[in-house]
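Open the model in your viewer and keep the sequence panel visible. The tour below goes from one selection to the next and says what is there.

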Amino acid sequence: MRTEPDVAGPFGPGVRRGREGGTELWLPAAPERRGPGERAPVFYNPAMALDRDLNVAVARRARSRGPGRVAAWEMLGATGVRGLRVIAESDWLDSLEITELHPRALEVARENAARLGAAVPIAVGAHDARLPRPDGRRFGYVDLDPYGSPLPYLAALWAAVDDPAIVGITATDTMVLAGATRGACERLYGARPVRGRLGPEGGLRILIAALVHSAASAGWRARPLLSYVHDHHLRTYLAVRRSPGEPPSSVPIGTIEEATWTGPSLGAGAPFGPLWLGPLAEEEWVRGLEVPATAARPDEGRRFLARLREEAAVDTPFYYEPNELARALHLAEPLPMAAILAGLRGSGARAARGHPRESAIRTDAPRPVVLDLVRRLAESR
Ligand SMILES: C[S@@+](CC[C@H](N)C(=O)[O-])C[C@H]1O[C@@H](n2cnc3c(N)ncnc32)[C@H](O)[C@@H]1O
């Protein structure tokens with residue numbers, strides 16, 4: 001965020017006129033550091049600017065190739081930065097409603113909405129987003145960006161989606177979903193987490209499974225358009241349609257059992273899940289995403305999106321890393337990532353870099369084949 005030097009504004013010295021991406025707003029002066037951001041009466045986390053850049057990219061993609069402009073509901077607005085950036089930096093929305101509980105945040109969001117000068121109606125109102133909307137309105141885009149878990153808000157969300165709709169959902173209880181707190185994931189999500197190196201992706205897959213299940217029980221079919229792990233948070237965009245009910249066998253949700261699992265090693269503790277075992281993204285959809293010229297973090301956004309595009313072509317659950325393969329094979333040093341990728345492709349497997357970590361490699365080759373190939377590559381060097 002860029003902020004102007006202290007100009008006394010209507011909200012006191014803590015909230016200043018600033019800019020995120022292509023949008024000018026009143027924003028609290030929050031420190032630029034990675035992580036979930038501190039809860040505050042008027043919440044703003046500059047570390048999420050890249051995430052909001054991608055939100056704008058999603059909006060532009062939906063506008064250019066989707067059925068048309070839609071009404072949007074930002075359930076947990078804080079300053080309104082997310083929805084207001086989508087309004088100001090894309091042409092997707094024909095109206096926006098922002099709800100929030102904290103009175104100070106509401107004041108800031110109202111002023112931000114009024115000062116935006118948008119050509120479409122924006123309403124800012126007090127509402128407990130855990131409760132169904134009293135007006136029964138439905139929206140083509142709903143955004144849910146909570147502190148922690150999105151679960152308490154899902155009933156209200158499904159009651160407010162149009163047919164079809166896109167929903168954007170964040171979870172910042174990554175530690176729970178990634179198994180850092182023993183038992184918490186089972187209690188909250190009814191799923192056994194993957195722990196350690198692959199925990200965050202396991203958490204993303206547990207989250208998507210829980211969202212798809214929850215949607216189905218409200219009569220909706222939900223499928224990921226784009227999903228990722230980034231820093232401390234998980235985010236997924238789901239395409240939602242009314243569904244009379246799908247046979248459970250057609251929904252790629254399941255548990256991973258040690259005896260039958262041939263992907264990357266998930267460590268001790270199987271069975272894991274239930275997890276979403278289908279694609280994290282729709283390949284064609286992700287290929288159409290572009291970092292907007294107005295982005296707050298254009299270079300980081302382009303690098304991240306390049307990874308997401310690459311892995312969408314080889315969207316298999318979990319990933320290998322050269323150092324983890326070297327450890328498993330007792331090699332003196334890890335092979336270069338490029339050599340492993342080329343070796344896998346040369347053997348006829350599909351292989352791509354994955355998004356969760358710099359050195360992540362996704363492939364459809366089973367683990368014994370991957371290990372054998374890396375061993376042979378190491379011997380031939
Ligand atoms: C993580 S922040 C939202 C961040 C915002 N979307 C952004 O991009 O900056 C969560 C917000 O939800 C608000 N909130 C918490 N519980 C709520 C509830 N039950 N109903 C409505 N708002 C709530 C908090 O006051 C806080 O401003």
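Two residues are taken to be in contact if their C-beta atoms, placed from the backbone, lie within 7 Å. Keep in mind throughout that this is a predicted model.

**Stop 1: the two domains**

Colour residues 13–311 as domain 1 and residues 319–379 as domain 2, the two parts into which the protein chain is divided. The C-alpha centres of domain 1 and domain 2 are 31 Å apart. Now select the residues where they touch: 14 residues of domain 1 are in contact with 11 residues of domain 2. On the domain 1 side, the elements that give two or more residues are α7, β9 (220–230) and α9 (298–312). Which of these gives the largest share of the side of domain 1 that touches domain 2? Select α9, which supplies 5 residues. Coloured by class, this side of domain 1 shows 6 nonpolar, 3 polar and 5 charged residues.

**Stop 2: the nonpolar core**

Hide the surface and look inside. The largest nonpolar core holds 112 residues, and V142, L157, V161 and V167 are those with the most contacts inside it. Helix α7 (residues 199–217) contributes the largest share of this core, 9 residues. Domain 1 (13–311) and domain 2 (319–379) each give at least three residues to this core.

Centre the view on V161. Which residues is V161 in contact with, leaving aside its neighbours within four places in sequence? Select R138, F139, V142, V167, W220 and V240.

**Stop 3: helix α1**

Select residues 49–65, which form helix α1, and put a distance label between its end C-alpha atoms. The label should read 25 Å; at 1.5 Å a residue, the 17 residues of α1 should span 24 Å, so the two values agree. Of these 17 residues, 14 are buried, so that α1 is mostly covered.

**Stop 4: around the ligand**

Next, select the 20 residues around the ligand. Those that come nearest are L76, A78, L101, A129 and D145. Two elements, α2 (81–89) and β5 (93–100), each supply at least two residues of this shell. Its make-up by class is 11 nonpolar, 4 polar and 5 charged residues.

Stay on A78 for a moment. This residue lies in the loop between β4 (70–74) and α2. Is A78 buried or exposed? A78 counts as buried because it has 25 C-beta neighbours inside 10 Å, and the cut-off for a buried residue is 20 or more. Its backbone is also worth a look: phi of A78 is near 50 degrees, a positive value in a residue other than glycine. Most residues other than glycine have a negative phi.

**Stop 5: a second positive phi**

Go to H330, in the loop between α10 (322–328) and α11 (337–346). Phi of H330 is near 55 degrees, again a positive value in a residue other than glycine. H330 is exposed, because 8 other C-beta atoms lie within 10 Å and the limit for an exposed residue is 12 or fewer.

**Stop 6: two cis peptide bonds**

Most peptide bonds are trans. Select D163 and P164: the peptide bond from D163 to P164 is cis, with omega near 0 degrees. P164 belongs to strand β8 (residues 161–171). Then select G273 and P274, where the peptide bond is also cis, with omega near 10 degrees. P274 belongs to strand β12 (residues 272–276).

**Stop 7: R235**

Select R235, in strand β10 (residues 233–242). R235 is buried, because 22 other C-beta atoms lie within 10 Å. Leaving aside neighbours within four places in sequence, show its contacts: D51, T170, S227, Y228 and H230. Add L207 to the selection as well; R235 and L207 are 28 residues apart in sequence, and their C-alpha atoms are 9.3 Å apart.

**Stop 8: F11**

The last selection is F11, found in the loop between β1 (2–3) and β2 (15–20). F11 is partly exposed, with 16 other C-beta atoms within 10 Å. Apart from neighbours within four places in sequence, F11 is in contact with W26, E107 and V108. F11 and W26 are 15 residues apart along the chain, and 8.6 Å separates their C-alpha atoms.

Methods: Residues are numbered from 1 along each chain as its sequence is written. This is a predicted model: local features need pLDDT of at least 70, side-chain atom pairs count only at pLDDT 80 or more; totals for chains, interfaces and linings use all residues. Helices (H or I, at least four residues) and strands (E, at least two) are DSSP runs, numbered from the N terminus. The expected span of a helix is 1.5 Å times one less than its number of residues. A nonpolar core is a set of buried Ala, Val, Leu, Ile, Met, Phe, Trp, Tyr and Cys residues joined through C-beta atoms within 7 Å. Domain bounds come from an automatic or database domain assignment. Ala, Val, Leu, Ile, Met, Phe, Trp, Tyr, Cys and Pro count as nonpolar, Asp, Glu, Lys and Arg as charged, and the others, Gly among them, as polar. A residue is near a molecule or strand if its C-beta atom, placed from the backbone, lies within 6 Å of it.
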